[in-house]
Amino acid sequence: MILRLENVVKKFGGLRAVDGVSLEVGKGEFLAVVGPNGSGKTTLLNIISGVYRPDEGRVYFEGRDVTDLPPYKRARLGMARAFQVPRPFPELSVLENVVVGAVFNGGLDLHKAREAAEEALSYVGLASKKDQLAGKLTFNELRLLELARALASNPKLLLLDEVMAGLTPTEIDRFVELLRRLSEERGISAISLVEHRMRAVVRLAHRVVVMHQGKIIAEGPPEKALNDPRVVEVYLGRPWR
Ligand SMILES: Nc1ncnc2c1ncn2[C@@H]1O[C@H](COP(=O)(O)OP(=O)(O)OP(=O)(O)O)[C@@H](O)[C@H]1O
């Protein structure tokens, strides 16, 4: 078990954005979190990464209670987050951008950070662009750079915002394939927030969690979770298949 949430609650004023969520993620597991807008997905990811402290409940990472740890300390333990809208340093090269991530999030020295960065860039297929300015990358390449930045800190758990939003179907397929390889070859777990339309992502996930009004309303292998009658009713509007 890499991550465990125990009855987590996060309130904004009177709104329970996350309302009693318990969840376990295994080593190497690729979990997709889906749900309508405002169902609490981003808030949940913020609780896991440490941006928010839950009002109730606990968060355990590799068995250790991390509920009170700030994001940078969780990063050092092996959680890495990739954001939906990457904001690289445009005046730095692609490689330098990834090195910065490895130094600050992974706590590596400069030499090790460079090695890790080169490796991460090869892994995501950006090695040939490493000396380009990050500001010159295409949208798809920026997403890959963001993934490489997260990978360079040698994470055990990747937390992915809607990082595939706006990619073409082919780019999405490649991205998902990459995530599957990370879990299979390296045992890296991933939690990915997934947009409504991204069937490819959901189909390839090991497990799907469906959120609605701050709660998990269904959970399981993709076919099973998405064919749950409540999910069809509140989220999909019609049967998954
Ligand atoms: N910082 C905040 N202050 C007040 N309310 C918030 C805050 N962040 C989120 N909320 C509210 O909490 C609820 C859950 O929001 P959240 O962003 O987690 O949902 P989501 O499932 O990620 O939605 P989306 O797909 O639109 O990003 C929403 O009603 C939202 O308006």
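1. Two strands count as paired when DSSP finds at least two bridges between them. By that rule, strand 6 (residues 79-82) and strand 7 are partners: they run parallel and share 4 bridges. Within this pairing, Arg81 has Leu159 of strand 7 as its bridge partner. Keep in mind throughout that this is a predicted model.

2. Strand 7 also pairs on with strand 8 (residues 189-193), again in the parallel sense and again over 4 bridges. Here Leu157 stands opposite Ser189 of strand 8. So what about the two faces of strand 7: which residues cover them, and are they buried or exposed? Leu157 and Leu159 are on one side, Leu158 and Leu160 are on the other, and all four are buried. As background, side chains in a regular strand alternate between the two faces of the sheet.

3. Now the wider sheet. Strands 6, 7 and 8 belong to an open sheet of 6 strands, ordered 6-7-8-3-9-10, and the pairing in it is mixed. Its edges are strand 6 and strand 10 (215-220), each of which pairs on one side only. Ignoring direction, neighbouring strands in this sheet are turned against each other by 20° on average. At the strand 10 end, strand 9 (residues 207-212) joins strand 10 through 5 bridges in the antiparallel sense, with His212 opposite Lys215 of strand 10.

4. Two helices to look at on that sheet are helix 1 and helix 9. Helix 1 packs on the sheet and touches strand 3 (30-34) along with strands 6, 7, 8 and 9, and its direction makes about 150° with that of strand 8. Helix 9 (residues 229-236) packs on the sheet too, touching strand 9 and strand 10, at about 125° to the direction of strand 10.

5. There is another open sheet, this one of 4 strands in the order 2-1-4-5 with antiparallel pairing. Why do strand 2 (15-25) and strand 5 (64-65) count as its edges? Each has a single partner strand, so one side of each has no neighbour in the sheet. For strand 5, the link to strand 4 (residues 56-61) consists of 2 antiparallel bridges, and Tyr60 stands opposite Asp65 there. Helix 1 turns up here as well: it lies across strand 1 (3-12), strand 2 and strand 4, at about 60° to strand 2. In other words, helix 1 touches strands of the 6-strand sheet and also lies across strands of the 4-strand one.

6. One residue of helix 1 that I'd pull up on screen is Lys41, which lies in that helix (residues 41-49). Buried or exposed? Lys41 has 26 C-beta neighbours inside 10 Å, and therefore counts as buried; the cut-off for that label is 20 or more. Setting aside neighbours within four places in sequence, Lys41 contacts Val33, Gly35, Leu193 and Met211. Its C-alpha is also 10.0 Å from that of Ile216, although the two residues are 175 apart along the chain.

7. On domains: the protein chain splits into domain 1 (1-78 + 156-241) and domain 2 (89-155). How far apart are the C-alpha centres of domain 1 and domain 2? They lie 24 Å from each other. To the contact, domain 1 gives 12 residues and domain 2 gives 10. On the domain 1 side, helix 2 (71-77), strand 7 (157-160) and helix 6 (169-186) are the elements giving two or more residues. That side is made up of 7 nonpolar, 2 polar and 3 charged residues.

8. Last stop, helix 3 and helix 5. The axes of helix 3 (residues 94-104) and helix 5 (residues 139-151) come within 8 Å and cross at roughly 35°, and the crossing is right-handed. Helix 3 brings Val94, Asn97, Val98 and Gly101 to the contact, while helix 5 brings Leu145, Ala148 and Arg149. By class, these residues are 4 nonpolar, 2 polar and 1 charged.

9. Which residues of helix 3 are buried? They are Val94, Leu95, Asn97, Val98, Val99, Gly101 and Ala102. Their cover includes helix 4 (110-124) as well as helix 5.

How values were computed. Residues are numbered from 1 along each chain as its sequence is written. This is a predicted model: local features need pLDDT of at least 70, side-chain atom pairs count only at pLDDT 80 or more; totals for chains, interfaces and linings use all residues. Axes are lines fitted to C-alpha atoms, for helices over the stretch in contact, and angles run from 0 to 180 degrees between N-to-C directions. A crossing is left-handed if the near helix is turned anticlockwise from the far one by less than a right angle, and right-handed if clockwise. Two residues are in contact if their C-beta atoms, placed from the backbone, lie within 7 Å. Ala, Val, Leu, Ile, Met, Phe, Trp, Tyr, Cys and Pro count as nonpolar, Asp, Glu, Lys and Arg as charged, and the others, Gly among them, as polar. Domain bounds come from an automatic or database domain assignment. A residue is buried if 20 or more other C-beta atoms lie within 10 Å of its own, exposed if 12 or fewer, and partly exposed in between; C-beta atoms are placed from the backbone.
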